[in-house]
Amino acid sequence: MTKKEFILILQDSRQIAPAVKHFTFHREDGEACSFIPGQFITLHIPTPEKVLRRSYSIANSTHEASDKIEFAASYVPEGTASDLLFTMQVGDKVTATGPFGRLVLRDEQPNRYIFVATGTGITPYRTMLSELAHRFKQHPCFKVVLLFGVRKPEDLLYRDEFTRFAQKNPWFEFRAYYSRIKLEQRLPYEYEGRVLNAFNEIEPNPKQDIVYLCGNPNMVDEVFSLLINTHSFPSEMVRREKYISSN
């Protein structure tokens, strides 16, 4: 089904990592945007040749209907979408459609959710936190482990939010994996190596776990292959969304 276009007005933007900004827009028409945690919107980027379409996962801290839409975007050198977003001023406008996407929490009760992300692929899980907390109050019988792979600690998007949520909710575990540094001292949630390494430690169970993958296409493919071929996961128990750098 085709979604109706709407206009977004930039309300705020802030740097949250060396090459990543968090953007907050509101709808020009004032209508509330209903979405399911994990969905994305698509921006329509005008160029002299054509209108480009670039998609970004909604990163609102709650999924309650609001006229505000938040997302994070990485800067891609010489990227058309990056040049537009990273030079926008408060009050500037852009056309959008959505929400879209199937990387959402469904009506099911696994023993454990395993969320895996690299880079801005972490954003869908930020929005899922409030829904997970609500579900746990209704049925306090599952666990969640969030595995976040980045190069260095300064690339760890929304770190304080995830660590605070983990401290308040013992059923939620946050693990950060650094692929480009060696840790002389580490915090309890910090690990060395690629996020793929986590599966040697968390013992994925195809009879009890549901896995969500979001981020770099190579990571998504590698983890999917590992789960299917090594841990015997049925493909329907592994939900995927790949993030491809937009130019």
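This dialogue looks at how two domains of a predicted model meet.

Q: Where do the domains lie along the chain?

A: The domain assignment places domain 1 at 4–100. Domain 2 covers 112–242. Their C-alpha centres are 24 Å apart.

Q: How many residues of each domain are in contact with the other?

A: Domain 1 brings 21 residues to the contact, and domain 2 brings 13.

Q: How is the size of an interface often given?

A: Interface size is often quoted as the accessible area that is lost when the parts come together. Here, about 1,400 Å² is buried between domain 1 and domain 2. Carbon and sulfur atoms give 55% of that area.

Q: How many salt bridges does the rule find across the interface?

A: Look for a side-chain nitrogen of Lys or Arg within 4 Å of a carboxyl oxygen of Asp or Glu. Across this interface, the rule finds one such bridge. Arg126 and Glu70 form a salt bridge through their side chains, with N to O at 3.4 Å.

Q: How many residue pairs are in polar contact between the domains?

A: Five residue pairs are counted between domain 1 and domain 2, with both residues at pLDDT 80 or more.

Q: Which strands each supply at least two residues of the side of domain 1 that touches domain 2?

A: Strands S1 (6–17), S2 (20–27) and S5 (68–74) each do. S5 gives the largest share, four residues.

Q: How do the residues on that side of domain 1 divide by type?

A: Eleven are nonpolar, eight are polar and two are charged.

Definitions and conventions:
Residues numbered from 1 in each chain as written. Predicted model: local features only at pLDDT ≥ 70, side-chain atom pairs only at ≥ 80, totals over all residues. Heavy atoms only, no water. Domains from an automatic or database assignment. Contact = heavy atoms within 4.5 Å. Buried area = accessible area lost by both parts, 1.4 Å probe. Polar contact = N/O pair within 3.5 Å; in protein donor to acceptor, adjacent residues only side chain to side chain. Nonpolar A, V, L, I, M, F, W, Y, C, P; charged D, E, K, R; others polar.
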